[in-house]
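The following note sets out numbered points on the fold and on selected side-chain contacts. Please read each point alongside the sequence and the coordinates.

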Amino acid sequence: MGTSHRKQPVRDLVAGVQSRLIELYRPPDGYEVVLGNGGATLFWDAAVFCLIAERSAHGVFGEFGAKFAHAAARAPFLEPPAIAEAPPGRVALPDADADADVHAWTHNETSTGALAPVRRLADGPLVLIDATSAAGGLPVDLSQTDAYYFAPQKHLASDGGLWLAFCSPAALSRAERLAAGRWIPDTLNLAVAARNSRAHQTLNTPALATLLLMDDQLRWLLANGGLEFAEGRCRESSGLLYDWAQAHPHASCSVADPTDRSPAVVTIDFDDAIDAAELCRIMRAAGVVDIEPYRGLASNQIRVGVYASVDPDDVRALIACLDHVVEALLNA
Ligand SMILES: *Cc1c(COP(=O)(O)O)cnc(C)c1O
């Protein structure tokens, strides 16, 4: 791990990650796997500089989609974005009639557990999809996207700090064109990132452990059947939780429409008989952690990530714990 990121072992590792992502997703000809440092959040800023020419249109239905829209809204060189918004638990796609050169939304909104369709809404605008909690777990038709971007700390079972994107030829040429006419810091320049990625490098030194862990997960996913396998596991795990919520007299699925329910991030609402914050505190004290709702969301809710690596039997064990604690809370 101590070698320079321009040396062969690291370039082989980056090339391996790129080729395994292509094997997993089979993107259309001409699409490239571009990567750089900074996670999905950095990609929003890079997209503001390099992919939005004048105006973007956003579908916002949770905190992550809102963050990208906010980044675009603050750029002094862009027109204010068109924002179509839906409340937590529902899905909003960008307004196809808005005068925009980018359409942006989130495939799987991690903050709410809502899953959006991924398809072009109009001819012309680039389609930028935040796939951070979808990539490596949920299938997609990449021909419907121009940048399908993500960080690897969710299904890809790695650490944070890196961003990766399947970029279409249209996105790559937009990035070249805008970089030629606008000041762009090198760290945010997708044309620079694409040139480095073609050489299996990043602009500056990446965290090698992040790449090694991600490569291991990609090998595991491919050896077991790829995205179909991953989605099957996620659907089994999430189905157990959704069935539990629907059968429970004091619980319900936060995402009302079954077609909008994420197979990877499950949100469950409780009625007034159960204090979800108290439930989470008791579970946490017993070592069952990270079922709290997203911090921006003030709901009486639990939220469970059932990414590809999660064993459905562990979800069964979680449900047994939930039953036990909920019963005790009701009888307290
Ligand atoms: C986790 C997550 C992010 C944030 O990723 P960072 O690597 O921390 O920037 C962005 N979008 C979605 C959909 C996420 O789930």
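1. Axes are lines fitted to C-alpha atoms, for helices over the stretch in contact, and angles run from 0 to 180 degrees between N-to-C directions. The model under discussion is predicted. In it, helix α1 (residues 8-25) packs against helix α6 (residues 208-224) at an angle of about 35 degrees, and the two axes are 10 Å apart. The crossing of α1 past α6 is left-handed. On the α1 side the contact includes V10, L13, V14, G16 and V17; the α6 side includes L208, L211, L212, M214 and D215. Arginines take part from both helices, namely R20 of α1 and R219 of α6.

2. An open sheet of seven strands is ordered β1-β9-β8-β7-β4-β2-β3, and its pairing is mixed. The edges are occupied by β1 (32-37) and β3 (82-85); each has a single partner strand, so one side of each lacks a neighbour in the sheet. From one strand to the next, the twist averages 20 degrees.

3. Within this sheet, strand β7 (residues 126-130) and strand β8 (residues 147-150) run parallel and are joined by three bridges. One residue to inspect is D130, whose bridge partner in β8 is Y149. Helix α2 packs on the sheet and touches β1, β7, β8 and β9 (162-167). The direction of α2 makes about 50 degrees with that of β9.

4. A further open sheet has three strands in the order β10-β11-β12, with antiparallel pairing. Its edge strands are β10 (251-253) and β12 (301-305), each of which pairs on one side only. Neighbouring strands are turned by 30 degrees against each other on average, direction ignored. Three bridges support the antiparallel pairing of β10 with strand β11 (residues 265-270), and A251 stands opposite F270 in β11. Helix α7 (residues 226-247) lies across β10, β11 and β12, and runs at about 10 degrees to β11.

5. Which residues does Q301 touch, leaving aside those up to four places away in sequence? They are S254, T267, I268, D269, A276 and P293. Q301 belongs to strand β12. Its relative accessibility is 4%; this is under the 20% limit, so Q301 counts as buried. The C-alpha atom of Q301 is separated by 17 Å from that of V315, which is 14 residues away along the chain.

6. The structure holds 10 aromatic pairs. One of them, F49 with W183, is edge-to-face, with 6.2 Å from centre to centre and 85 degrees between the planes. F49 lies in helix α2 (residues 39-50), whereas W183 lies in the loop between α4 (169-181) and α5 (190-198); the pair therefore ties together parts that are 134 residues apart in sequence. Are the two partners buried or exposed? F49 has 15% relative accessibility and counts as buried, while W183, with a relative accessible area of 68%, is exposed.

7. Two further aromatic features deserve attention. Y25, Y148, F150 and F166 form one aromatic cluster. Separately, R261 lies over the face of Y242, at 5.6 Å from the ring centre.

Methods. Residues numbered from 1 in each chain as written. Predicted model: local features only at pLDDT ≥ 70, side-chain atom pairs only at ≥ 80, totals over all residues. Heavy atoms only, no water. Pairing = 2+ DSSP bridges. Helix = DSSP H or I, 4+ residues; strand = E, 2+ residues; numbered from the N terminus. Contact = heavy atoms within 4.5 Å. Phe/Tyr/Trp six-rings, centres within 6.5 Å; stacked < 30°, edge-to-face > 60°. Buried < 20%, exposed > 50% of the residue type's maximum accessible area, 1.4 Å probe, protein only. Lys NZ or Arg CZ within 6 Å of the ring centre and 35° of its normal. Left-handed = near helix turned anticlockwise from the far one by under 90°.
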